[in-house]
Amino acid sequence: MAPSTNQPTRSSWQRAALNGLKCRCANCGRGKLYARYLEPVEHCDVCGEAYGDRYQVGLLLPFIVVTVLGHILVFALLEAARLRINPLLSLAIFIPTVLVVSLLLLPPVKGALIGILWFSQLSDEQR
Ligand SMILES: [Zn+2]
């Protein structure tokens with residue numbers, strides 16, 4: 001579909017963040033946000049909003065993922081210790097789980113950050 005020339009409305013940062021959390025365009029919520037894993041599309045297929053390298057989330061992305069995952073992991077490790085699960089078994093379970101969950105969390109968290117940056121009009125071109 002050809003991109004339209006409609007100007008983005010930027011009605012609320014929550015809607016933009018939620019669209020990004022769903023890995024969808026922050027503007028319309030229908031087009032894909034990523035061309036590949038963590039690589040934003042150049043333009044939304046539906047509304048034509050430009051992404052590419054315009055919105056850089058930097059180290060905030062791993063900070064948020066590690067913070068969220070750290071809280072969950074501490075609780076899980078304390079529960080494993082309380083239930084007296086073998087520490088080696090705990091490591092065998094938690095290490096792959098942490099790797100998989102962190103890889104799964106990165107795209108939606110980055111999408112939400114892109115949505116917030118998009119709403120705030122904080123692209124790298126405007127700094
Ligand atoms: Zn769009």
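This is a guided tour of a predicted model, going from one selection to the next.

**Before selecting anything**

Residues are numbered from 1 along each chain as its sequence is written. Because the model is predicted, local features need a pLDDT of at least 70 and side-chain atom pairs count only at pLDDT 80 or more, while totals for chains, interfaces and linings use all residues. Colour the chain by pLDDT, which is the predictor's confidence in each residue, from 0 to 100; the chain averages 90, and 91% of the residues score at least 70. Then select residues 1-6, where the pLDDT is below 50 and where the model shows 8 contacts beyond near neighbours in sequence; two residues are in contact if their C-beta atoms, placed from the backbone, lie within 7 Å.

**Helix H1 and the turn after it**

Helices (H or I, at least four residues) and strands (E, at least two) are DSSP runs, numbered from the N terminus. Select helix H1, residues 13-21, and highlight Ala16, Ala17, Asn19 and Gly20, which are its buried residues. Looking down the axis of H1, you will find that these buried residues fall within an arc of 160°, so they line one face of the helix; the arc is that of the directions from the helix axis to the C-beta atoms. A residue is called buried if 20 or more other C-beta atoms lie within 10 Å of its own, exposed if 12 or fewer, and partly exposed in between, with C-beta atoms placed from the backbone. The cover over the buried residues of H1 includes H3, and H1 itself is followed by Cys23, whose phi is positive, near 60°.

**Cys25 and its surroundings**

Move on to Cys25, in the loop between H1 and S1. Is this residue buried or exposed? Cys25 counts as buried, because it has 29 C-beta neighbours inside 10 Å. If its neighbours within four places in sequence are left aside, Cys25 is in contact with Asn19, Arg30, Gly31, Leu33, Cys44, Val46, Cys47 and Glu49. Add Cys44 to the selection: the two cysteines, Cys25 and Cys44, are 19 residues apart along the chain, and their C-alpha atoms are separated by 6.4 Å.

**Two residues with positive phi**

Most residues other than glycine have a negative phi. Select Leu38, in the loop between strand S1 (34-36) and S2, where phi is near 65°, a positive value; with 13 C-beta neighbours inside 10 Å, Leu38 counts as partly exposed. Then go to Arg84, in the loop between H2 and H3, whose phi is also positive, near 55°. With 7 C-beta neighbours inside 10 Å, Arg84 counts as exposed.

**Helix H2**

Now select H2, residues 60-82. The expected span of a helix is 1.5 Å times one less than its number of residues, so the 23 residues of H2 should span 33 Å, and its end C-alpha atoms are indeed 33 Å apart. An unreviewed UniProt entry lists residues 59-78 and 90-119 under "transmembrane region", in the numbering used here and with shortened feature names, and such annotations may be inferred rather than shown by experiment. In the model, residues 59-78 are 95% helix and 0% strand, with end C-alpha atoms 28 Å apart.

**Helix H3**

Finish with helix H3, residues 87-120, whose 34 residues should span 50 Å at 1.5 Å a residue, in agreement with the 46 Å between its end C-alpha atoms. The listed span 90-119 is 100% helix and 0% strand, and its end C-alpha atoms are 42 Å apart.

Start with Leu89, a residue of H3, which counts as exposed with 10 C-beta neighbours inside 10 Å. Ala92, also in H3, is exposed as well, with 11 other C-beta atoms within 10 Å, and its C-alpha atom is separated by 35 Å from that of Asn19.

Follow the helix to Leu106, where H3 bends by about 30° and a proline, Pro107, follows within four residues; the bend at a residue is the angle between axes fitted to the seven residues ending there and the seven starting there. Among the buried residues of H3 are Val109, Leu113, Leu117 and Trp118, and the buried residues of this helix pack against helix H1, strand S2 (39-40) and helix H2. The last stop is Gln121, which follows H3 and has a positive phi, near 55°.
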